[in-house]
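Notebook open, model loaded. I wanted to look up how the domains sit, then one helix and one strand.

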Amino acid sequence: MKYISVKAGDVIIGNGRPIVVQTMCNTPTCDIEASFNQCVRLSKAGAQIIRLTTQGIKEVDALKEIKSRLTKAGFNTPLVADVHFSSEVALAAAEVADKVRINPGNFAKDPAVARAQFGRLIDICKRRKIPIRIGVNHGSLGEKIIEKYGDTPLGMAEAALEWINMAMECDFNQIVISLKSSNTRVMTNAYRLLYESFTKSGVYFPLHLGVTEAGNGESGRIKSAVGIATLLGEGIGDTIRVSLTEDPANELPVASFIADYFRNRTTSFEYISEGSNSEESRIISASYNSKSWSEFILKASCDFGPLLLDNKIDDINLNVSIDNKPASPSEISRFRDELLQASRRKFTKPEYIACPGCGRTLFNLEEVFEEVKRRTSHLKGYNIAVMGCVVNGPGEMADADYGYVGEGRNKVSIYRGKTAIFRAVPQEDAIDKLLELIEEDRNSNLFKPRN
Ligand code: SF4
């Protein structure tokens, strides 16, 4: 067996090294001051790697300046250029960044161009000794892959393998792979399939784990913990990002907790009784006494999420104390509902897909997302996406039924599936338009919520 490790700046990922925790700036990269300040804050908060959106050459120049200022200020956290839709920008970014993330689904439309440009990118990365992340996303698979495999976990794994093989043909192994989805089942299955093929070939590349567009608050944390914990518990994964529609600094304690939990975990949890083992209902009871509610939800999600996700149990029965004081039954019940939904076992509210926002977001995504959630909370059985930009948003929102997608300053497009139904709606009217569309579709039986 051969375990590959890669080096971004001074940080080593893979080959049994401790899990690396990373995040991404949500500032416009060209706002050098704001991005520099956010990188400093994120480094101090524990980010071991920071990614910045790099959509054009202006952003490449800004990234160079941000890096130089960080170095002068004594911060050497590696910076990753996140590039979509332009292989030329990826080539330019590789000259300045510590690592480049590309998305095979949008690197270059023509396969021959993609291959040639990837070869050029590898040449630069070899010369500069920097790695590449092959970042496959469920919502933005290439046409060829969709035709052959559909937008399935297998399609995601195959998309990655195609690019791994291209890298191997160029004698380049400094690659990290991610296969993200906002659906925890799709995401875990995709990584498992890829890992299986690593086992067959005997070569393991480092894996970057994350549940993309996980949303915010407790549901975002629980969904991320379920997906990431399921894989870390199987020994799959080398670096993680918890992707929240919040200040990116909030992602770091969650990611660090999950990474540490798997590093230090000796027993997963204390059973106080095992429920019926019958086919119909397999319920596990457990008791927790945690220091804080936030610690409890992460621990319990790491413990039970994998079992629920893999249909090994059906439900949980929890006895919870926080700092030796019993938690309220309603809080415990709310957590249980969240965990069952994150594990895709029981849906008690709409399923939200919300990107974390980045330099492309031109409105207050956190506030808008909260407002969308407030006004659509009755729409159980619907998948509703809130995405920061029209460039990546529609592609990335995967299996959303409806989407609220930023289209510029104070303008929003409303989507049904992947089709924009209302374009450039003023932001103040956009949620009304979204609800109007859902209502019309419901009345005309165009869309029926899932049970
Ligand atoms: S969808 Fe969201 S995170 Fe992705 S590029 Fe657009 S604004 Fe950034």
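I took the C-alpha centres of domain 1 and domain 2 and got 35 Å between them. The domain assignment puts domain 1 at 2-208, domain 2 at 271-342 and domain 3 at 351-443; such bounds come from an automatic or database assignment.

Note to self: this is a predicted model, where local features need pLDDT of at least 70, side-chain atom pairs count only at pLDDT 80 or more, and totals for chains, interfaces and linings use all residues. Residues are numbered from 1 along each chain as its sequence is written.

Next I checked helix α6, residues 153-169 (helices are DSSP runs of H or I, at least four residues; strands are E runs, at least two; both numbered from the N terminus). Its 17 residues reach 24 Å from first C-alpha to last, close to the 24 Å expected at 1.5 Å a residue (1.5 Å times one less than the number of residues). Its buried residues include Met156, Trp163 and Ile164 (buried means 20 or more other C-beta atoms within 10 Å of the residue's own, with C-beta atoms placed from the backbone). After α6 comes aspartate 171, with a positive phi near 60°.

Then I went to strand β18, residues 383-387, where five of five residues are buried. I looked at both faces: Asn383, Ala385 and Met387 cover one side, Ile384 and Val386 the other. β17 (351-354) runs parallel to β18, joined by four bridges (strands pair if DSSP finds at least two bridges between them). Glutamate 351 stands opposite asparagine 383. β19 (402-408) is also parallel to β18, again with four bridges, and there valine 386 partners tyrosine 404.

Notes:
Buried ≥ 20, exposed ≤ 12 C-beta atoms within 10 Å, placed from the backbone.
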